[in-house]
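Visitor: I should like to be guided through this structure by question and answer. Please show it first, and then we may begin.

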Amino acid sequence: MDSLKNALPAEQINLNVSVNDWQEAVREAGQLLLEAGAVSPQYIDAMIQTAKELGPYIVIAKGIAMPHAASEAGAKRAALSLVKLAHPIEFGNPDNDPVELVIGLAAIDGETHMNTMRMLAELIIDRERVSRLFAAQTKEEILQVIAQ
């Protein structure tokens with residue numbers, strides 16, 4: 001995966017999604033990865049199970065969660081999904097809750113995983129780009145921020 005833009009096409013973005021809890025939010029992000037052919041159905045369950053076992057560490061920044069699972073849990077290819085929630089949801093992370101952006105990650109190996117994390121970190125530390133992501137109302141606006 002050489003860029004976030006390649007990893008996150010418009011079909012893997014869903015906006016204004018209403019969910020009742022964090023598991024549903026993770027499921028929405030996983031479903032986009034499933035529909036893209038990047039993961040198997042078991043991978044979505046593994047994303048939720050991983051978060052249950054390891055806690056809300058997947059909330060990686062204020063308002064942003066990045067659920068993922070081990071590649072052997074059913075990742076078929078490297079990909080991202082992005083779900084922007086209609087109403088922020090508590091994931092149980094006192095420092096970074098509530099979550100509004102859920103970025104699903106499918107990585108097929110450690111190198112891909114670290115490379116994607118690095119690209120996401122560069123995006124997340126850029127406050128101006130992050131505020132534009134939170135303000136985005138369309139897939140096109142999100143894609144413009146990602147492509148920068």
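Visitor: How many aromatic pairs does a search of the whole structure find?

Guide: This is a predicted model. A search of the whole structure finds aromatic pairs to the number of one.

Visitor: Is the pair of Trp22 and Phe91 stacked, edge-to-face or tilted?

Guide: The ring centres of Trp22 and Phe91 lie 6.0 Å apart, and the planes meet at 40 degrees. Planes under 30 degrees apart would count as stacked and those over 60 as edge-to-face. Because 40 degrees falls in the remaining range, the pair of Trp22 and Phe91 is tilted.

Visitor: How many residues apart in sequence are the parts that this aromatic pair ties together?

Guide: Trp22 belongs to helix 2, whereas Phe91 sits in the loop between strand 4 and strand 5. Trp22 has a relative accessibility of 16% and counts as buried; Phe91, at 8%, is buried too. The pair therefore ties together parts whose separation in sequence is 69 residues.

Visitor: Which element gives the most residues to the largest nonpolar core?

Guide: The largest nonpolar core has 28 residues, and Leu85, Phe91 and Val102 have the most contacts inside it. At least two residues of this core come from each of helix 2, helix 3, strand 4 and strand 5. With six residues, the element that gives the most is helix 2.

Visitor: How many residues does the second, separate core have?

Guide: The second core is separate from the one just described, and includes Ile64, Leu80, Ile124 and Ile146. Its number of residues is 23.

Visitor: Which serine is in contact with Val102, leaving aside neighbours within four places in sequence?

Guide: The contacts of Val102 include Ala25, Ala29, Ala65, Pro67, Leu82, Val83, Leu85 and Phe91. The serine in contact with Val102 is Ser81.

Visitor: Which residue has its backbone oxygen 2.8 Å from a polar atom of the side chain of Ser81?

Guide: Ser81 lies in strand 4, residues 79–89, and is buried, with a relative accessible area of 0%. Beyond four places in sequence, Ser81 touches Leu8, Gln12, Ala29, Leu32, Leu33, Val102, Ile103 and Gly104. The backbone oxygen that lies 2.8 Å from a polar side-chain atom of Ser81 belongs to Ala29.

Visitor: How many residues apart in sequence are the parts that Lys84 and Glu100 tie together?

Guide: Lys84 forms a salt bridge with Glu100, and the closest N and O atoms are 3.9 Å apart. Lys84 has a relative accessible area of 7%, so this residue is buried. Because Lys84 lies in strand 4 and Glu100 in strand 5, the pair ties together parts with a separation in sequence of 16 residues.

Visitor: About how many helical turns separate Arg118 and Glu122?

Guide: The side chains of Arg118 and Glu122 meet in a salt bridge, at 3.1 Å from N to O. Arg118 is partly exposed, with a relative accessible area of 43%, and Glu122 is partly exposed at 44%. Both lie in helix 4 (residues 110–124), four residues apart, so their separation in helical turns is about one.

Visitor: Which helix holds both Glu128 and Arg132?

Guide: Glu128 and Arg132 form a salt bridge, with their closest N and O atoms 3.6 Å apart. Glu128 counts as partly exposed at 44% relative accessibility, and Arg132 counts as partly exposed at 28%. The two are four residues apart, about one turn, in helix 5.

Visitor: How far apart are the end C-alpha atoms of helix 3?

Guide: Helix 3 comprises the 14 residues 41–54. At 1.5 Å a residue, helix 3 should span 20 Å. The computed value agrees with this expectation, because the end C-alpha atoms are apart by 21 Å.

Visitor: Which strand do the buried residues of helix 3 pack against?

Guide: The buried residues in helix 3 are Tyr43, Ile44, Ala46, Met47, Ile48, Thr50 and Ala51. They pack against helix 2 (22–35) and also against strand 5.

Visitor: How far apart in space are Lys52 and Gln23, C-alpha to C-alpha?

Guide: Lys52 lies in helix 3. Apart from neighbours within four places in sequence, Lys52 is in contact with Trp22 and Gln23. Lys52 and Gln23 are 29 residues apart in sequence, and their C-alpha separation in space is 9.3 Å.

Conventions:
Residues are numbered from 1 along each chain as its sequence is written. This is a predicted model: local features need pLDDT of at least 70, side-chain atom pairs count only at pLDDT 80 or more; totals for chains, interfaces and linings use all residues. Side-chain values use heavy atoms; hydrogens and water are left out. Buried means under 20% relative accessible area, exposed over 50%, partly exposed in between (1.4 Å probe, protein chains only). A polar contact is a pair of N or O atoms within 3.5 Å; within protein, one must be able to donate a hydrogen and the other to accept it, and residues adjacent in sequence count only if both atoms are side-chain atoms. Contact means heavy atoms within 4.5 Å. The expected span of a helix is 1.5 Å times one less than its number of residues. A salt bridge is a side-chain nitrogen of Lys or Arg within 4 Å of a carboxyl oxygen of Asp or Glu. Rings of Phe, Tyr and Trp (its six-membered ring) pair if their centres lie within 6.5 Å; planes under 30 degrees apart count as stacked, over 60 as edge-to-face and the rest as tilted. A nonpolar core is a set of buried Ala, Val, Leu, Ile, Met, Phe, Trp, Tyr and Cys residues joined through side-chain atoms within 4.5 Å.
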